[in-house]
Amino acid sequence: MTSLIIFCAIGAGLFLLLLLAMVRRPSRPEGSADALLGARHALRTLQVSLLPAEVVERFLARDDLDYVLAAAPLSIQQLFLQERKRILLAWITQVRQQITSLQDFHFGHSRHFVQMSLTTEIGLAWEFAVLRMECRALYLLVVLRGPYGAPLIAGKMAGTAARLCSISEESLAFLAPAEGRAIPDDSARGDAHV
Amino acid sequence: MLSLILWWAGISLEAVILLRSVIVRSFLRYPYFYTYMTCILTIDLTRYFVYWHSPSAYRGWYWPTEFVSVSIGYGVILEILRQALGRYQGVARFISGIVWASLLVVLAYVAYKSATVTNWSAANTGAELKRDLRTLQAIVLSAILILISHYRIELTRNLKGIIVGYGIFIAMNVVNLAVQAYAAAPLVDASRHLESYLFFFPLMIWTLTLWSYQPAAAPPGVEELGSDYESFSRRTKGTLRGFRESYPRKLKE
């Protein structure tokens with residue numbers, strides 16, 4: 001009976017992998033304008049919209065909570081906590097999406113290298129998987145304990161945001177467009193040569 | 001009578017697939033696959049000839065030709081490997097060693113069985129050997145599919161057809177042969193009856209998907225992003241390390 005189960009599992013596994021390989025959308029052609037634009041957009045989202053420390057600090061600010069708790073009625077307090085929780089969850093979701101974006105970019109690009117290393121690739125795949133799981137765990141933590149459930153979360157998150165921003169900028173620097181050098185224009189007005 | 005009709009239909013579909021490959025000039029684009037199809041058609045025609053003229057000799061002819069067809073099934077796997085990962089030499093390098101090693105194992109296994117088993121008509125021995133070979137093919141094909149999914153490699157309609165057709169055939173074969181070996185009697189009878197129809201599914205898929213030739217998209221250049229794998233993976237690792245340093249600490253609080 002055990003043998004039958006093993007063989008059936010192999011058959012079912014192959015069938016599932018077939019399904020996955022056919023359903024999964026292929027990666028965009030690397031080096032294309034689309035891929036570069038997508039990667040740059042991800043980097044820009046991290047740097048400008050998502051991770052600046054002041055933005056994160058603002059929506060996690062403890063003084064806002066203290067003020068609302070002291071001055072607002074109970075219904076407003078509840079609404080405030082709900083909103084903060086929603087913001088925090090949206091932030092974690094966005095960070096997870098950027099990790100996914102980085103993962104897609106790495107594996108979409110690395111497959112072209114002849115000298116790619118199996119151990120490096122397995123290690124990276126594992127790290128990406130663990131990191132995404134950790135994001136999910138953090139998401140659950142916020143869902144269960146709320147935005148201010150753990151007092152240190154807010155501060156750490158703000159710090160993390162700043163660190164993430166600088167790390168991302170450094171590690172994805174190769175995506176930044178090269179500085180354009182202005183062509184010197186020495187010609188006089190009305191004279192066409194440059 | 002139904003079996004005979006399906007047999008003819010199967011031979012006809014094999015002939016149609018080969019004929020279309022000549023008409024649309026795809027034979028040389030997928031040489032391993034169409035060589036496999038040519039062998040399968042030849043085997044089916046000789047089996048039909050033997051069955052028609054000397055039914056008593058059919059069983060004796062069936063098993064040796066069955067092992068030839070199982071062994072040359074590796075042609076399809078090699079074709080999938082060549083077409084799907086041919087442009088990605090680094091990824092192909094991961095798997096090609098496994099494919100060639102398993103092919104050698106298959107050939108050695110068949111040679112060993114040929115030398116030691118005298119009675120090929122013994123259905124149990126034949127079915128057991130066939131099941132083991134198909135299982136090995138299923139494992140190799142699974143490894144290739146994992147790489148295709150992980151690196152999100154683009155596949156043409158033709159190649160998708162080859163992969164899906166052969167994959168479904170192998171998966172059904174492994175389960176069917178295991179049921180024949182280990183399940184209860186009524187299931188075994190149904191399974192043996194089903195076996196003769198299994199190859200019909202991939203033939204239909206291949207007829208539809210290989211009707212016309214679809215060329216693969218031109219390989220993209222990567223020069224714009226740099227060509228040093230070491231520094232590229234180091235950058236990714238650096239970013240990951242940054243993320244990792246931050247998240248676990250938060251989770252502990």
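Here are four short exercises on the structure above, each with a worked solution.

This is a predicted model, in which local features need pLDDT of at least 70, side-chain atom pairs count only at pLDDT 80 or more, and totals for chains, interfaces and linings use all residues. Residues are numbered from 1 along each chain as its sequence is written, while chains are lettered from A and ligands numbered from 1 in the order in which they are written.

**Exercise 1.** Find how many helices and strands chain A has.

Solution. Start by recalling that helices (H or I, at least four residues) and strands (E, at least two) are DSSP runs, numbered from the N terminus. Counting them in chain A gives 7 helices and 0 strands. Reading from the N terminus, the order is α-α-α-α-α-α-α.

**Exercise 2.** Decide whether A:E121 is buried or exposed.

Solution. First locate the residue: A:E121 sits in helix α6 (residues 118-145) of chain A. Next take the rule: a residue is buried if 20 or more other C-beta atoms, placed from the backbone, lie within 10 Å of its own, exposed if 12 or fewer, and partly exposed in between. A:E121 has 23 other C-beta atoms within 10 Å, so it is buried. Leaving out residues up to four places away in sequence, A:E121 touches A:S110 and A:M116 (contact means C-beta atoms, placed from the backbone, within 7 Å).

**Exercise 3.** Work out how α1(A) is oriented relative to α7(B).

Solution. Begin with the angle: the axes of helix α1 (residues 2-23) of chain A and helix α7 (residues 157-182) of chain B come within 8 Å and cross at roughly 165°. Axes here are lines fitted to C-alpha atoms, for helices over the stretch in contact, and angles run from 0 to 180 degrees between N-to-C directions. Angles over 145 degrees count as roughly antiparallel, so α1(A) is roughly antiparallel to α7(B). Finally, look at who meets whom: residues of α1(A) including A:F7 and A:L14 meet residues of α7(B), among them B:V164 and B:A171.

**Exercise 4.** Compare the settings of B:R25 and B:R152.

Solution. Look at phi first: B:R25 has a positive value near 55° without being a glycine, and B:R152, also not a glycine, has a positive phi of about 45°. Then place them: B:R25 lies in the loop between α1 (2-23) and α2 (31-53) of chain B, whereas B:R152 lies in the loop between α6 (123-150) and α7 of that chain. Last, count neighbours: B:R25 is exposed because it has 9 other C-beta atoms within 10 Å, while B:R152, with 16 C-beta neighbours inside 10 Å, is partly exposed.

Methods. Two residues are in contact if their C-beta atoms, placed from the backbone, lie within 7 Å. Angles under 35 degrees count as roughly parallel, over 145 as roughly antiparallel, 65 to 115 as roughly perpendicular and the rest as oblique.
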